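User: Could you take one part of this structure and go through it closely, explaining each term as you use it? I would like to follow the sheet strand by strand.

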Amino acid sequence: MGFRHIVPVDDDELDASSLNRVAGVDYKDAQNNVYKVGAIANRLRGINPKCEAEAYRISVHSTAAEIALAQANWILAGTDSHSSRFRVQQYAFKYFAPFIAAGVNISVEGDIITVVSGEAIAVRMGGAYCLSCLNRVNYTAFHIKSPNVHFEKSQNI
Ligand SMILES: [Zn+2]
């Protein structure tokens, strides 16, 4: 019962700023700059030794990521960039996989935490909304931060 075959996809390394957003990792992982997907896969196996966690240390924009995610029954997007969330949404709609976009925000001014918030959005084909409808994708931001990432405008989402 439950999700036993889990395929984390990400090419980013942990650092101290990741610790508040990546469950199950610790300070030592951040000091060693381990890959997020490796740390997450190890954590999942620690929770349930029967869990098949198959980590892909690659960009979500790669063809290999698309192939891996095309086989998913569900997709969970927990990335922290607009371009990666949009890409995952494209895969979800292309391969008819329902997905959940989840994230947290912790804003700090000086030494004071000013905002702590989070959200989880479940999106499925035929549903009433997607990340674009909900203005959860800032197209200007991802073109500025990821100038080499290009998207087809023909996606009907
Ligand atoms: Zn939409």
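Analyst: What follows is a close look at the sheet and the helix beside it. The model is a predicted one, in which local features need pLDDT of at least 70 and side-chain atom pairs count only at pLDDT 80 or more, while totals for chains, interfaces and linings use all residues. Residues are numbered from 1 along each chain as its sequence is written.

Three strands make up an open sheet in the order S3-S4-S5, with mixed pairing; strands (E, at least two residues) and helices (H or I, at least four) are DSSP runs numbered from the N terminus, and two strands pair if DSSP finds at least two bridges between them. The edges are strand S3 (75-77) and strand S5 (112-123), each of which pairs on one side only.

Strand S4, residues 99-109, runs antiparallel to S5 over eleven bridges. Within this pairing, Gly103 has Glu119 of S5 as its bridge partner, and Ala101 stands opposite Ile121 in S5. The two strands form a hairpin with two residues between them, and Gly110 in the turn has a positive phi of about 65°.

S5 is hardly covered, since one of its twelve residues is counted as buried, where buried means that 20 or more other C-beta atoms, placed from the backbone, lie within 10 Å of the residue's own.
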